[in-house]
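Here are a few notes to help you find your way around this structure. Please keep the 3D view open as you read.

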Amino acid sequence: MNNLYEILKRLYIHLIFLILLGISLSLYFNTTYYQKSQVGAVTKSISGFWHKQASQVTGLFQLQRSNVLLLLENVKLRNEIEGYRLKLQMLQDSFMRIEDTSGLFRYIPARVIDNSINSRHNYIILDAAGSNDGAYKEMGVICKNGVVGIVSATTKHFASVISLLNTDVRVSAMHKKSGAFGAVSWDGMNYRRVVLDEIPLHVNVAVGDTIVTSGFSTIFPRDIPIGRVVDFYNKDGSFLQITVELFADFKTLDYVYLVDSKVKSEVDRLQTME
């Protein structure tokens, strides 16, 4: 207590000076409008600066929160897109079933997870198309635009497909307008084009004509689109060699369908008996 008294005793003159100074300044700044406005401007400038700094700090925290909300929204949208994609796939699958009026085939949807077009012997790997899903060797594979290939092997969950862009593959095909049939194969050159041969010279072929599957096997149904004629010539005096531009773009393959023939075993048994 004595110490406090001693301190106040030594500083009381300074304290009185500060009090009187504060009263003087207050009276001075409030006596004229100009001084009052100058003080107000300085005060607002200082308070504005601190408000700005505080706003930036608050904004930083809000930005982090906004990022989290955007991330959650993205996840939600991705899940919704995946759901719509599945529904679309099911809808497309139902259309495919409707188009198959023969009732001899059913289709198993699958997704391409690996694909090559740069080799002379290209292969495709399909997900959700293994033996557990009903896939088996020598099933045809098509997409919405046409023929894709033939299943060469399966595991429980995957299928390996010999691409139509494989020089070892030949698919029975037909000139749709005339009904003349031959075989389509790839020459290993242009991934957008295949060759149709064995079409007789008398057949009236024109550029732009459509080539489809012949249906002369249990691998592909009849009239599955393959491509359109872009060029043809007399190969050997008896048959035409026709260049066909594929409808299917093998660089953008995504969803495909495996063709399950309900009569395959029955037809195969007959062929064995011949």
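**Notes on the barrel and its surroundings**

1. A good place to begin is the barrel: 6 strands close in the order E6-E7-E8-E11-E10-E9, with antiparallel pairing. From one strand to the next, the twist averages 40 degrees. Strands here are DSSP runs of at least two residues (E), helices are runs of at least four (H or I), and both are numbered from the N terminus. Two strands count as paired if DSSP finds at least two bridges between them. The twist angles run from 0 to 180 degrees between N-to-C directions, with axes fitted to C-alpha atoms.

2. Before going on, please note that this is a predicted model, in which local features need pLDDT of at least 70 and side-chain atom pairs count only at pLDDT 80 or more, while totals for chains, interfaces and linings use all residues. Residues are numbered from 1 along each chain as its sequence is written, and side-chain values use heavy atoms, leaving out hydrogens and water.

3. Where do E6 and E9 meet? Strand E6 (residues 170-175) pairs with E9 in the antiparallel sense over 3 bridges. Along this pairing, Met-174 of the model stands opposite Val-212 in E9.

4. Next, look at Ser-261, which belongs to strand E12 (residues 255-261). Is Ser-261 buried or exposed? Its relative accessible area is 6%, so Ser-261 is buried (buried means under 20%, exposed over 50%, and partly exposed in between, with a 1.4 Å probe and protein chains only). Setting aside neighbours within four places in sequence, Ser-261 is in contact (heavy atoms within 4.5 Å) with Leu-104, Phe-105, Tyr-136 and Thr-218.

5. Two loop residues share a backbone feature worth a look. Glu-138 is not a glycine, yet has a positive phi of about 75 degrees; Glu-138 sits in the loop between strand E2 (121-127) and strand E3 (140-143). Asp-223, also not a glycine, has a positive phi of about 70 degrees and lies in the loop between strand E9 (210-213) and strand E10 (225-234). Glu-138 is partly exposed because its relative accessibility is 40%, and Asp-223 is partly exposed at 38%.

6. Finally, please visit helix H1 (residues 2-31), where Leu-25 is found. With a relative accessibility of 39%, Leu-25 counts as partly exposed. Leu-25 also helps to make a nonpolar surface patch of about 800 Å², whose members include Leu-4, Ile-7, Phe-17 and Leu-21. Patch residues have over 30% relative accessible area and no salt bridge, and nonpolar side chains (Val, Leu, Ile, Met, Phe, Trp, Tyr) are joined within 5 Å, like charges within 9 Å. A salt bridge is a side-chain nitrogen of Lys or Arg within 4 Å of a carboxyl oxygen of Asp or Glu. Accessible areas come from the Shrake-Rupley method with a 1.4 Å probe.
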